[in-house]
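Me: I'd like to go through this one and check that each label is earned. Can we take the calls one at a time?

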Amino acid sequence: MTADHETLAGRLQAISDLAGFNRWLDLRIAAAAPGTVELHLSWRPEFGQYSGFLHAALVGGLIEAACGFAAAGQAGNVLVSQFAVRCFRPAVAATFVARGRVERLGRQQIFAAATLGALGEDPERLFAAGEAVLVPVAPG
């Protein structure tokens, strides 16, 4: 990771840390470049649903966050206007990795996509994938 990318990852981590939910998760920005991001989340038992898999609410949240941080790395402050998630298999891992990327950067809408897998496993063995439409917002 270059110094510029380390600076971007640090800036995005500082933004993430402003959200109480992200602090509770201990969501980590592992890598970032303009238009791409990699998030890491270590498993904790309270993240599980009744069968012990990662709860679908967190699956969706990780997809949304990866899309949002990828877009923020290029466009600054953004809000998600809609997102969709497809779950492929139960999510079980010591550390989850969500990778987001900007697909199209427009002035009024940003289209991003993300995947969720397990850190250190085959990147093609995914738990979920999704996409989001985001809108740039003025700093508030």
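Reply: Sure. Let's start with Phe69, which lies in helix α3. Keep in mind that this is a predicted model.

Me: Is Phe69 buried or exposed, and how do you know?
Reply: Its relative accessible area is 9%. Buried means under 20%, so Phe69 counts as buried.

Me: What does Phe69 touch, leaving out residues up to four places away in sequence?
Reply: Phe69 touches Leu12, Ile15, Ser16, Asn22, Leu27, Ile29, Val37 and Leu39. What makes each of these a contact is heavy atoms within 4.5 Å. As for Leu39, it is 30 residues from Phe69 in sequence, with 9.0 Å between the two C-alpha atoms.

Me: What makes α3 largely enclosed by the rest of the structure?
Reply: The count does: 14 of its 20 residues are buried, so the rest of the structure largely encloses this helix.

Me: How does the reach of α3 fit what is expected for a helix?
Reply: α3 covers residues 56-75, and from first C-alpha to last it reaches 28 Å. At 1.5 Å a residue, 28 Å is also what you'd expect, so the reach is close to the expected span. Just after the helix, Gly76 takes a positive phi of about 85°.

Me: Which strands does α3 lie across?
Reply: α3 lies across β1, β2, β3, β4, β5 and β6, and runs at about 140° to β3.

Me: How are those strands arranged, and what is the pairing?
Reply: They form an open sheet of six strands in the order β1-β2-β4-β5-β6-β3, with antiparallel pairing.

Me: Why are β1 and β3 called edge strands?
Reply: Each of them pairs on one side only, and that is what makes β1 and β3 (78-87) the edges. Neighbouring strands in the sheet are turned by 20° against each other on average, ignoring direction.

Me: How do you know that β4 and β5 count as a pair?
Reply: Two strands pair if there are at least two bridges between them. β4 and β5 have nine, in the antiparallel sense, so they qualify as a pair. One of the partnerships is Leu105 with Ile110, the latter in β5.

Me: What makes a set of residues a nonpolar core, and how many does the largest one have here?
Reply: Its members have to be buried residues of the nonpolar kinds, joined through side-chain atoms within 4.5 Å. The largest such set has 38 residues, and Val37, Leu39, Leu54 and Leu116 have the most contacts inside it. α1 (3-17), β1 (28-33), β2 (36-42), α3, β4 (95-105), β5 (110-118) and β6 (128-136) each supply at least two of its residues. α3 gives the most, with eleven. As a general point, nonpolar side chains in soluble globular proteins tend to be buried together.

Me: Which residues is Val37 in contact with, beyond its neighbours within four places in sequence?
Reply: Val37 is in contact with Leu12, Ile29, Ala31, Ala32, Ala66, Phe69, Ala70, Ala98, Arg99 and Gly100.

Me: Where is Phe127 found, and why is this residue called buried?
Reply: Phe127 is found in the loop between β5 and β6. At a relative accessible area of 2%, set against the cut-off of under 20%, Phe127 is buried. Leaving aside neighbours within four places in sequence, its contacts include Arg86, Phe88, Pro90, Phe96 and Leu116.

Me: Arg86 again! Why do Arg86 and Glu131 count as a salt bridge?
Reply: Their side chains meet at 3.1 Å, N to O. The limit is 4 Å, so the pair counts. Arg86 lies in β3 and Glu131 in β6, so the bridge ties together parts 45 residues apart in sequence. Arg86 is partly exposed at 40% relative accessibility, and Glu131 is partly exposed at 34%.

Me: How many salt bridges does a search of the whole structure find?
Reply: Five. Among them, Arg44 and Glu46 meet at 2.8 Å, N to O.

Me: What makes Arg28 and Asp26 pass as a salt bridge?
Reply: The closest N and O atoms are 3.7 Å apart. That falls within 4 Å, so the pair passes. Arg28 has a relative accessible area of 27% and is partly exposed, and Asp26 is partly exposed at 43%.

Key
Residues numbered from 1 in each chain as written. Predicted model: local features only at pLDDT ≥ 70, side-chain atom pairs only at ≥ 80, totals over all residues. Heavy atoms only, no water. Helix = DSSP H or I, 4+ residues; strand = E, 2+ residues; numbered from the N terminus. Buried < 20%, exposed > 50% of the residue type's maximum accessible area, 1.4 Å probe, protein only. Axes fitted to C-alpha atoms, helices over the stretch in contact; angles between N-to-C directions.
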